[in-house]
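Hi everyone, thanks for coming. Today I'd like to talk about empty space inside a protein, so have a look at this one with me.

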Amino acid sequence: MAKHFLMNDNLTYVPEPHVAKNTFLSMPADDTAIPAYDEIKERLPRPIWDGHDDTLRCYDKAWQIAFRNLRCAKREAGFVSNFIDTAFNGYLFMWDSSFIVMFGKYASHIFDFQKTLDNFYSHQHRDGFICREICEDEPGEQFTRDDPCSTGPNILAWSEWLYFLQTDNKERLARVFDPLMAYHHWLQLHRTWQDGTYWSTGWACGMDDTPRMQSEYNVSHHHGFMSWIDTCAQQYMNAQILQKMAKVLGREDETGWLREEEELLGKAIDKMWDENEKFYFDRYRDGSLGTAKSIGAYWTLIAGLVPEDRRADFIAHLENEGEFKRKWMIPSLAADHPLYTPEYCGWRGAVWAPTNYMVLLGLRKYGYEKLAASIAENYVGLVTSVFNVTGTLHENYSAECDGTCANERAQKDFVGWTGLAPISILFEFVFGIESDALHHRIVWHVNRTERHGIENYRLGDATVSLICDARASDDEKPVLHVTADRPITVVLDWNGKTEEMHIEP
């Protein structure tokens with residue numbers, strides 16, 4: 001049974017100034033009704049993909065489970081907004097929720113899934129700390145703030161920024177900026193070594209039992225005196241995103257310390273590259289590097305930390321059949337590790353939605369669009385094939401299975417972050433639709449030959465229909481049919497060519 005640790009105002013705190021501006025702390029609890037799936041399903045985006053009706057059924061199932069997992073805010077538990085449950089143990093998880101809302105953004109006009117994160121901001125301590133698990137039914141947090149496993153990963157700002165790019169909601173950006181700044185500062189004060197690098201634990205980094213520790217330390221609960229490559233890259237990226245937010249909000253004068261940290265972390269992470277292995281690793285306290293090729297290293301890709309002369313070699317590991325290119329992609333641990341165990345539902349080789357999505361966005365950042373599309377199609381194919389047999393979605397999947405079964409110990413009906421597969425990954429990488437509501441712009445990376453697209457797609461305050469006709473081959477120029485009720489720009493990206501179209505209502 002989970003223990004409940006209550007916030008105690010008698011604890012010694014050093015107040016963080018940004019917390020004083022956190023409006024979620026005094027926000028009244030939402031008392032609006034929860035929408036029912038059967039009543040709203042016609043208002044959801046409608047994907048079209050000729051010849052893939054099973055994936056479209058899987059898409060529908062993901063939304064059905066997601067709406068079934070909606071919960072009302074309980075003020076007595078410190079919750080302020082209705083939310084989507086993590087569907088695990090009666091606690092709301094920071095790591096899971098940050099990814100769940102990344103597909104929820106496509107239904108924000110029906111239920112604002114992003115407000116799930118409000119409940120973490122409403123639990124922020126006076127020094128900026130936010131616990132990574134908060135109780136949904138009564139006052140309580142799963143960990144005290146001085147527990148090494150108490151918080152992380154810090155991807156809240158990233159989640160909020162992706163939401164902003166889809167919705168152009170500047171009002172929300174302004175509200176979340178202060179709690180996000182305070183939380184980053186708390187981590188900088190309490191989770192760094194003398195050289196400025198960050199530490200975490202298996203539980204705190206989200207990848208519970210990845211075998212990255214030296215043998216004398218507990219794989220899940222100790223920091224191992226390591227500089228953690230994923231945590232360092234996340235903090236580097238978080239510093240960048242907070243500066244972008246500040247620019248939009250006109251608060252750039254508050255981010256000088258983040259620019260300094262970004263520079264410091266960039267130099268430190270550079271030393272975590274192994275030139276022989278062509279890979280990024282954790283660094284032990286004696287200065288040596290780890291040996292486990294974990295999917296967590298690819299946070300460096302999405303953070304923009306991989307220089308051009310390393311990029312091809314680093315990405316090549318994803319195409320190596322002895323490492324990450326297994327039957328189903330992408331395993332959380334390279335197959336050449338002695339503890340690679342893909343049939344186990346932990347982080348020693350299983351395939352997980354959040355890390356897959358992170359890698360795909362990193363590949364897009366550097367222009368590896370075809371590789372991203374190939375991995376996305378493989379992963380959506382895995383989730384669909386298991387759905388065809390089990391009728392549901394699962395927490396994670398085996399990289400080696402025959403496509404008819406999930407990991408037996410993995411959670412079922414996990415929507416949950418696995419909703420990323422038939423929703424966000426389908427839209428963004430299988431179909432190739434990349435949105436930027438800030439500039440009323442869609443880039444469509446067309447890589448399919450079947451008729452495909454999305455109707456009732458939301459871009460900011462615009463409702464858009466995007467259909468691409470079937471083609472005889474990749475060499476044939478795509479024919480797009482696009483309508484919108486607001487002016488938007490659509491950029492066709494096809495076979496190395498681009499063409500810009502301005503769509504009027």
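Just so you know, this is a predicted model. How do you look for gaps in something like this? Rolling a probe the size of a water molecule over the atoms shows where empty space is left. Searching the whole structure that way turns up two cavities of 30 Å³ or more.

Let's take the largest cavity. Its volume is about 120 Å³, and 14 residues line it. Nearest its centre you'll find G152, P153, L187, S200 and T231. Which elements give two or more residues to that lining? They are α7, residues 202–205, and α8. The largest share, three residues, comes from α8. As for chemistry, the lining of this cavity splits into six nonpolar residues, seven polar and one charged.

Now, α8 deserves a moment. This helix runs over residues 229–249, so at 1.5 Å a residue its 21 residues should span 30 Å, and its end C-alpha atoms are indeed 30 Å apart. Is α8 largely enclosed or not? Well, 16 of its 21 residues are buried, so the rest of the structure largely encloses it. Right after the helix comes G250, with a positive phi, near 70°.

On to the second largest cavity, which holds about 60 Å³ of space. Its lining includes I229, along with R212, D282 and a few others such as Y280, F281 and Y284. By class, that lining has six nonpolar residues, three polar and two charged.

That's it from me, thanks for listening!

Note on methods
Residues numbered from 1 in each chain as written. Predicted model: local features only at pLDDT ≥ 70, side-chain atom pairs only at ≥ 80, totals over all residues. Heavy atoms only, no water. Helix = DSSP H or I, 4+ residues; strand = E, 2+ residues; numbered from the N terminus. Expected span 1.5 Å × (residues − 1). Buried < 20%, exposed > 50% of the residue type's maximum accessible area, 1.4 Å probe, protein only. 1 Å grid on protein atoms, 1.4 Å probe; cavity = no way out; pocket = protein on both sides within 12 Å on 5 of 7 lines; lining within 4 Å. Points joined across faces, edges and corners; volume = space filled by probe spheres on them. Nonpolar A, V, L, I, M, F, W, Y, C, P; charged D, E, K, R; others polar.
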